[in-house]
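Dear colleague,

I am handing over the structure below, together with some notes on its side chains. Please read the notes with the coordinates open beside them.

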Amino acid sequence: MRISDLTPEDLRSAAALWDQAGLTRPWNPPESDLRRALAGETSTVLGLFDEKTLVGTVMVGHDGHRGWVYYLAVDESQRGQGLGRQLMLAAEDWLRERGVVKLQLMVRSANAGVLDFYDHLGYEDSDVQVRAKWLT
């Protein structure tokens with residue numbers, strides 16, 4: 001297994017993995033998110049590859065102080081082996097290398113299994129609300 005930055009050629013595989021993991025929404029095309037992350041100077045999408053097969057992803061970016069993680073996904077057939085943890089450690093290292101001091105992420109409240117996963121990794125609930133406004 002190896003972790004490396006995705007490329008535009010990985011777009012279809014990443015989108016399929018995100019769909020399988022239940023991370024996509026009809027109003028938010030994942031391909032656009034991937035293209036934006038890869039084009040940015042302060043973001044990327046890391047992929048976990050078993051030989052040439054993409055089996056996991058994590059999108060990571062920052063604003064100079066706070067880092068954010070999105071699209072953490074591991075193929076259903078590969079879950080339970082610590083691959084999600086490996087991807088999160090890689091995202092944390094990516095941010096540390098850029099001087100980022102805090103990592104934040106969002107989890108849908110109803111996703112208890114994922115909340116347990118992040119609890120196990122040492123992430124804790126922040127006393128904040130996330131607000132959103134569509135700009136397009």
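The notes that follow take up the aromatic pairs, then the salt bridges, and finally a charged patch on the surface. Please keep in mind throughout that this is a predicted model.

Aromatic pairs

A search over the whole structure returns 4 aromatic pairs. In one of them, the ring centres of Trp18 and Tyr71 lie 3.8 Å apart with the planes at 20°, and because planes under 30 degrees apart count as stacked, this pair is classed as stacked. The pair links distant parts of the chain, since Trp18 belongs to helix H1 (residues 11-20) while Tyr71 belongs to strand S4 (residues 66-74), with their positions 53 residues apart in the numbering. Trp18 and Tyr71 are both buried.

An edge-to-face arrangement is found for Phe117 and Tyr118, whose rings are 5.1 Å apart from centre to centre, with an angle of 70° between the planes. As for exposure, Phe117 has a relative accessibility of 27% and therefore counts as partly exposed, whereas Tyr118, with a relative accessible area of 8%, is buried. Phe117 and Tyr118 also belong to a cluster, in which ring pairs link them with Tyr123.

Salt bridges

The corresponding search for salt bridges, again over the whole structure, finds 4 of them. In helix H2 (residues 30-39), the side chains of Asp33 and Arg36 meet at 2.7 Å, N to O. Why are Asp33 and Arg36 separated by about one helical turn? The reason is that Asp33 and Arg36 are 3 residues apart within helix H2. The two partners sit in contrasting surroundings, because Asp33 is buried at a relative accessible area of 12%, while Arg36, at 53% relative accessibility, counts as exposed.

Helix H3 (residues 83-97) holds a salt bridge between Arg96 and Asp93, with an N to O distance of 3.0 Å. Here too the residues are 3 apart in the helix, so that about one helical turn separates Arg96 from Asp93. Arg96 counts as exposed, with a relative accessibility of 53%, and Asp93 is partly exposed, with a relative accessible area of 39%. This contact does not stand alone, for Glu92, Asp93 and Arg96 are linked in a network of salt bridges.

A further salt bridge joins Glu97 to Arg98, where the closest N and O atoms are 3.5 Å apart; for comparison with the cut-off, a salt bridge requires the nitrogen to be within 4 Å of the carboxyl oxygen. Glu97 is exposed, with a relative accessible area of 64%, and Arg98, at 39% relative accessibility, counts as partly exposed.

Negative patch

On the surface, a patch of negative charge is formed by Asp116, Asp119, Glu124, Asp125 and Asp127. Is Asp116, one of its members, buried or exposed? With a relative accessible area of 52%, Asp116 is exposed, because the cut-off for that class is over 50%. Asp116 lies in helix H4, which covers residues 112-120.

With kind regards

Key:
Residues numbered from 1 in each chain as written. Predicted model: local features only at pLDDT ≥ 70, side-chain atom pairs only at ≥ 80, totals over all residues. Heavy atoms only, no water. Patch = residues over 30% accessible without salt bridge, like charges linked within 9 Å, V, L, I, M, F, W, Y side chains within 5 Å. Areas by Shrake-Rupley, 256 points an atom, 1.4 Å probe, with all protein chains shown as cover. Lys, Arg positive; Asp, Glu negative; His and termini not counted. Charge placed at Lys NZ, Arg CZ, Asp CG, Glu CD. Helix = DSSP H or I, 4+ residues; strand = E, 2+ residues; numbered from the N terminus. Buried < 20%, exposed > 50% of the residue type's maximum accessible area, 1.4 Å probe, protein only. Phe/Tyr/Trp six-rings, centres within 6.5 Å; stacked < 30°, edge-to-face > 60°.
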